[in-house]
Amino acid sequence: MTMNVAVCGLGWWGKQIVNSLAKTDKVKVVAAFDPAPPADAIALAKEKGFKIESTYEALLKDKTIAGLILTTPNAFHEQQTVDGFAAGKAVFCEKPLTMTGAGAARMVAAAEKAGKILGIGHERRYEPAFEELFKIVADGRIGRLLSIEANVSHNQFQALPNDNWRKDPKMSPAGLYTGTGIHMTDIFCALAGTPVEVRAETDTLVFDKPMEDYARVKVLFKSGVHAMFSCLSCTPFYGRFTAFGEKGWVEIISEANVDWNRPTHLIVSTAPAERTMTTSTFKAEDTVTANVVAWAEANQGRGTYRFTPAHLVDNTRIFESLVQSAAKGGTPIKL
Ligand SMILES: NC(=O)c1ccc[n+]([C@@H]2O[C@H](COP(=O)([O-])OP(=O)(O)OC[C@H]3O[C@@H](n4cnc5c(N)ncnc54)[C@H](O)[C@@H]3O)[C@@H](O)[C@H]2O)c1
């Protein structure tokens with residue numbers, strides 16, 4: 001059964017989602033809203049045959065629209081989500097969900113009240129290499145999980161004008177964390193459970209202050225797992241995620257950002273006392289579509305969505321706490 005959706009925000013990622021969804025008949029983009037739609041978005045609407053409304057309220061009132069996909073700048077996510085659920089729509093919101101744990105709890109509560117499922121744009125959980133890593137950790141092949149380390153960096157936003165929201169520490173705090181790190185801390189939560197302490201440092205290595213281009217985050221989980229993430233905004237693409245266990249480790253090396261269609265490599269070492277490794281390569285899949293389709297089907301009563309409300313709130317609490325910790329020079333923040 002096809003779900004009719006509207007896309008709110010037709011910048012880089014809104015257009016990416018429209019183009020991805022054109023490949024499935026499970027979700028159909030029938031409308032959109034953007035207060036300043038770029039010329040290529042207007043052309044895309046003509047090509048794909050969807051209308052661009054002049055207000056968000058027009059999408060909320062339209063009875064033919066069952067779902068909303070929010071690809072707006074971060075500061076708009078929370079209110080647009082709450083309004084979407086209040087209008088009876090299912091809502092899929094891009095990351096970061098919002099800026100505070102309390103805000104995320106409000107969004108989750110709005111979904112529950114509407115009897116719908118809140119989607120989140122953490123499509124990295126659908127990458128075949130990450131699906132394999134989840135299996136390896138769950139079936140005990142690397143023993144008890146002890147520690148996780150990740151770094152995802154790129155310089156895609158370096159050339160943006162300084163007044164772009166991506167470079168505004170209020171809209172996008174902690175450098176590239178809201179761009180790439182929040183996907184990794186989502187995976188930390190899925191692997192390690194409830195976070196209990198966060199400490200973070202941010203800095204400006206290349207940009208002009210107060211813009212930040214470096215972040216390092218450490219999260220301690222109730223399960224005892226220690227997890228670390230770092231990112232740079234001024235270096236070519238780099239992506240690594242390693243989970244260390246008592247009996248082995250598993251590592252993912254990404255060649256490129258999710259929209260570049262490049263393979264990912266998985267390395268597993270399980271032999272005790274010696275470093276024997278197996279390496280597999282996974283071709284890129286359309287994880288954006290997989291995630292949106294899973295959300296749509298879960299809202300239609302088919303299948304379970306991978307992201308629990310607790311994952312959504314916990315990851316946003318990590319985000320809020322790391323901003324607080326960085327502002328205090330790396331002071332640990334208890335959650
Ligand atoms: N899941 C991912 O991998 C991924 C990748 C890129 C971006 N994103 C997320 O997508 C969102 C958008 O990022 P982007 O790179 O496309 O930004 P962008 O700046 O390229 O586009 C944002 C668009 O939203 C429009 N807009 C502004 N205010 C609006 C409002 N109130 N209602 C509707 N539209 C509004 C702007 O006019 C612009 O066209 C961000 O939250 C970002 O974190 C997710």
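**Domain interface and local features of the predicted model**

Across the interface of domain 1 and domain 2, 7 residue pairs are found in polar contact, with both partners at pLDDT 80 or more. On the side of domain 1 that touches domain 2, the elements giving two or more residues are α1 (12-21) and α5 (101-114). Of these, α1 gives the most, with 6 residues. Sorted by class, this side of domain 1 holds 11 nonpolar, 9 polar and 3 charged residues. The structure is a predicted model, and every value in this passage should be read in that light.

The two domains themselves are set out as follows. Domain 1 covers 3-123, while domain 2 is made of 130-289 + 316-334. Taken over C-alpha atoms, the centres of domain 1 and domain 2 are separated by 26 Å. Each side brings residues to the contact: 23 from domain 1 and 23 from domain 2. The size of an interface is often given as the accessible area lost when the parts come together. Here, domain 1 and domain 2 bury about 1900 Å² between them, and 65% of that area is on carbon and sulfur atoms. Three residues stand out on the domain 1 side: W12, H122 and E123 supply 31% of the area that domain 1 buries against domain 2, more than any other three residues. The rule for salt bridges finds 1 such pair across the interface of domain 1 and domain 2.

Turning to salt bridges in the model as a whole, the count comes to 22. One of them pairs K23 with D286, with the closest N and O atoms 3.0 Å apart. In another, the side chains of E127 and R124 meet at 2.8 Å, N to O. Both partners of this pair lie below the 20% cut-off for burial: E127 counts as buried because its relative accessibility is 9%, and R124 counts as buried because its value is 10%. A further bridge links D186 and R125, again with the closest N and O atoms 2.8 Å apart. D186 sits in helix α7 (residues 181-192) and R125 in the loop between β6 and α6, so this pair ties together parts that are 61 residues apart in sequence. D186 and R125 are both buried.

The salt bridge between R141 and D139, at 2.8 Å from N to O, has a more open setting in terms of accessibility class. R141 is partly exposed at 38% relative accessibility, and D139 is likewise partly exposed, at 46%. Salt bridges also link K26, E297 and R302 into a network.

Two individual residues deserve a closer look. G121 is placed in the loop between β6 (119-120) and α6 (128-138). With a relative accessibility of 0%, G121 counts as buried. Leaving aside residues up to four places away in sequence, G121 touches F92, C93, E94, K95, H183 and N291. K63, by contrast, lies 24 Å from G121 in space, C-alpha to C-alpha, and 58 residues from it in sequence.

T242 belongs to strand β11 (residues 238-245) and counts as buried, at 1% relative accessibility. The T242 side chain takes part in polar contacts with two other side chains, those of R240 at 3.0 Å and E251 at 2.5 Å. Beyond four places in sequence, the residues that T242 touches are S147, I148, E149, V250 and E251.

The backbone also offers a few details for anyone preparing the model for further computation. The peptide bond from K95 to P96 is cis, with omega near -15°, and P96 is found in the loop between β5 (90-93) and α5. K95 also appears among the residues that G121 touches. A cis peptide bond joins K209 and P210 as well, with omega about 10°; P210 lies in the loop between β8 (195-203) and β9 (214-221).

Positive phi values occur at two residues other than glycine. For A174, phi is about 65°; this residue lies in the loop between β7 (145-153) and α7 and counts as buried at 3% relative accessibility. For N261, phi is near 60°. N261 is located in the loop between β12 (249-254) and β13 (264-269), where its relative accessibility of 60% makes it count as exposed.

Key
Residues numbered from 1 in each chain as written. Predicted model: local features only at pLDDT ≥ 70, side-chain atom pairs only at ≥ 80, totals over all residues. Heavy atoms only, no water. Helix = DSSP H or I, 4+ residues; strand = E, 2+ residues; numbered from the N terminus. Buried < 20%, exposed > 50% of the residue type's maximum accessible area, 1.4 Å probe, protein only. Contact = heavy atoms within 4.5 Å. Domains from an automatic or database assignment. Buried area = accessible area lost by both parts, 1.4 Å probe. Salt bridge = Lys/Arg side-chain N within 4 Å of Asp/Glu carboxyl O. Polar contact = N/O pair within 3.5 Å; in protein donor to acceptor, adjacent residues only side chain to side chain. Nonpolar A, V, L, I, M, F, W, Y, C, P; charged D, E, K, R; others polar.
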